[in-house]
Amino acid sequence: MSAKTNQVDPYRILCILSYNYSYEIVSDEMDGIEAGLSSDDYKLDYEITYESMDSKKFYTAEDIVNFEDYLTYKLSKQEPYDLIITADDSALRFAINHRDTIFKDIPIVFMGVNSIADAQTADVLDGVTGVAEVPDYEANYELMKSLFPERTTIVAIVDGTNTGQGEFVQFREFIANHPEQDYRVLNTSRYSREGIEQYLSELGDTDIILYLDFLEDGEKNIYALDTATKFIATYAEDIPIFRVSSADIGNGVLGGVSYSFYDAGKIAGQMAAQILSESETDEIELVTETVTNTYFEQAMMDKYGINILDIPKDAIIINERTTIVSWYRDNTAIANLTILVCFLLLIIIILLAISNGKRKILVNKDALTGIPNRLSINRQIKTTTAQNESYGLIMVDLDYFKDINDNLGHLVGDEVLIELANRLDAVAKENDSTAARIGGDEFLIFKKNAQAENCAHVCEKLQLVMKNPIATSQGEVDITLSMGAAAYPEDTDNPAKVLSLADKALYRTKEEGRNGYTLYKNIKI
């Protein structure tokens with residue numbers, strides 16, 4: 001099964017995320033997927049929509065039905081998607097269960113599936129392929145033995161969730177290949193919080209932790225990723241912690257050969273681009289090789305006396321500290337080079353710094369319009385949330401943009417988007433806000449220290465500047481905007497929900513005829 005051919009409009013891609021946007025791995029997955037879709041090999045013109053199941057909190061049968069109803073409603077209001085990408089186990093399970101109904105005949109590419117058996121079962125289905133999540137236990141085992149030969153017992157920390165048990169099955173397969181290895185398993189879903197504290201506190205000098213998953217305890221308390229990691233590090237204070245996924249390296253974790261959600265997402269994105277461009281889905285083989293990077297955290301390296309020469313050369317060091325003394329000690333041969341060579345190295349460092357500075361700017365800017373992109377705005381939102389400050393989000397959608405592309409062509413469509421971005425950016429800056437393009441004809445305005453009424457003021461300013469038509473190579477084009485706004489904590493005290501509330505307000509505007517704005521507080525029941 002392949003996507004439609006002779007494509008004129010941008011390909012429409014739906015990405016179903018298992019977890020909430022605030023979950024740390026999700027941004028890595030999204031960034032990787034978009035990097036893969038943007039591969040120079042295919043020059044793909046696409047629009048991607050993200051929908052989150054938030055399955056760490058909403059996992060009951062009723063929750064799944066509600067999510068199905070939500071997607072069914074949205075799909076009934078728009079053209080069908082050309083391809084589905086799913087991230088992690090819950091999203092794949094949902095897509096497979098509904099592929100004969102709401103996703104009929106749509107190719108599916110999955111990533112981040114912990115169970116190899118589930119990944120292989122899905123891959124057998126017509127029109128389904130993807131990337132399995134395969135942690136590299138062997139590489140971590142070698143690192144453990146190399147760095148801590150005196151620690152002879154592996155303590156695997158896992159929970160009873162679908163994700164945790166998928167990882168546990170793979171851990172048991174690893175242990176089966178090493179019958180000589182002593183190990184214990186702490187299943188947090190079977191212990192109270194106090195029981196987990198006691199278990200960790202009693203670990204000793206011969207123990208080492210392999211942290212797989214810790215979402216819940218036996219009392220059904222839910223632990224955010226950083227909370228769980230800090231919890232383990234607090235009560236197992238002197239026990240090295242290795243992590244098999246790149247999520248939350250830090251917070252007391254020493255490091256490890258970790259599954260890279262960005263790289264897996266990039267592979268899935270490239271698969272999707274290949275399907276949309278030229279290939280049958282079933283011609284693309286399931287990826288079951290490990291997709292990893294090696295990470296270490298500088299503070300933990302210092303704590304356990306680990307030198308940079310003790311770890312793999314390609315390891316990524318989080319919060320790396322470099323001093324003249326350490327550089328001299330670790331590079332004695334280079335220290336004997338001539339003044340001329342040192343001068344050349346300095347020039348290279350300066351050029352690299354300039355190059356990296358330019359790259360950082362490009363990474364945070366939208367390629368077409370030059371204003372901030374999704375990655376940049378997400379960082380601002382995350383920073384403001386961490387500082388517990390109020391803010392408002394305004395979702396902005398260009399009305400009838402498809403008609404502009406259909407009637408005047410995509411080049412004119414791009415001209416309209418660029419000018420719209422310029423006007424949004426100008427209004428945003430005048431009102432101490434930031435405008436960003438988050439995909440297609442969708443924009444987002446972030447206003448710090450704001451309430452709903454402040455957002456309304458920005459919306460009114462935008463309506464005013466949109467009264468002037470946009471000049472294009474094909475003449476002037478009149479445009480209108482549909483907008484929806486929500487504020488934190490005025491509308492919700494959960495920062496993970498602000499964007500979805502703004503989206504609901506946007507859809508209310510569209511339902512009422514477009515060309516206007518809606519504050520979420522005015523539609524709350």
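A residue is called buried at under 20% relative accessible area, exposed at over 50%, and partly exposed in between, with a 1.4 Å probe and protein chains only. The structure is a predicted model, in which local features need pLDDT of at least 70 and side-chain atom pairs count only at pLDDT 80 or more, while totals for chains, interfaces and linings use all residues. Residues are numbered from 1 along each chain as its sequence is written, and side-chain values use heavy atoms, with hydrogens and water left out.

**Exercise 1. Salt bridges and exposure**

Task: State how many salt bridges a search of the whole structure finds, and decide whether lysine 43 and aspartate 40 are buried or exposed.

Solution.
- Step 1. A salt bridge is a side-chain nitrogen of Lys or Arg within 4 Å of a carboxyl oxygen of Asp or Glu. The search of the whole structure gives 15 salt bridges.
- Step 2. One of these joins the side chains of lysine 43 and aspartate 40, at 3.9 Å from N to O.
- Step 3. Lysine 43 and aspartate 40 are both exposed.

**Exercise 2. A pair that links separate parts**

Task: Locate arginine 437 and aspartate 366 in the chain, and explain what their pairing ties together.

Solution.
- Step 1. Helices (H or I, at least four residues) and strands (E, at least two) are DSSP runs, numbered from the N terminus.
- Step 2. Arginine 437 and aspartate 366 form a salt bridge, with the closest N and O atoms 3.3 Å apart.
- Step 3. Arginine 437 belongs to strand S14, whereas aspartate 366 sits in the loop between H13 and helix H14 (374-386); the pair therefore ties together parts that are 71 residues apart in sequence.
- Step 4. Arginine 437 and aspartate 366 are both buried.

**Exercise 3. A pair within one helix**

Task: Determine where aspartate 425 and lysine 429 lie, and classify aspartate 425 and lysine 429 by accessibility.

Solution.
- Step 1. The closest N and O atoms of the salt bridge between aspartate 425 and lysine 429 are 3.1 Å apart.
- Step 2. Both residues are in helix H16 (residues 410-430), four residues apart, or about one turn of the helix.
- Step 3. An α-helix has 3.6 residues a turn, so residues three or four places apart point the same way.
- Step 4. Aspartate 425 has a relative accessible area of 17% and is therefore buried. Lysine 429 has 58% and is therefore exposed.

**Exercise 4. The sheet of mixed pairing**

Task: Give the strand order of the open sheet with mixed pairing, and name its edge strands.

Solution.
- Step 1. Two strands pair if DSSP finds at least two bridges between them.
- Step 2. The five strands follow the order S14-S15-S13-S18-S19.
- Step 3. Strand S14 (433-439) and strand S19 (516-519) are the edge strands, each pairing on one side only.
- Step 4. Strand S13 (residues 391-398) and strand S18 (residues 481-488) run antiparallel and are joined by eight bridges. Glycine 392 stands opposite alanine 487 in S18.
- Step 5. Axes are lines fitted to C-alpha atoms, for helices over the stretch in contact, and angles run from 0 to 180 degrees between N-to-C directions. Contact means heavy atoms within 4.5 Å.
- Step 6. Helix H18 (residues 498-511) lies across S13, strand S15 (442-448), S18 and S19, at about 145° to S18.

**Exercise 5. The parallel sheet**

Task: Describe the open sheet with parallel pairing, and identify helices that pack on the sheet.

Solution.
- Step 1. The order of the five strands is S2-S1-S3-S4-S5.
- Step 2. Its edge strands, each pairing on one side only, are strand S2 (46-52) and strand S5 (128-132). The twist averages 15° from one strand to the next.
- Step 3. Four bridges connect strand S4 (residues 108-113) with S5, and the two run parallel. Valine 109 has threonine 129 as its bridge partner in S5.
- Step 4. Helix H3 (residues 89-97) packs on the sheet and touches strand S1 (11-17), strand S3 (83-87), S4 and S5, its direction making about 150° with that of S4.
- Step 5. Helix H9 (residues 261-277) also packs on the sheet, touching S1, S3, S4 and S5, and its direction makes about 170° with that of S4.
- Step 6. The buried residues of H3 include Asp89, Leu92 and Phe94.
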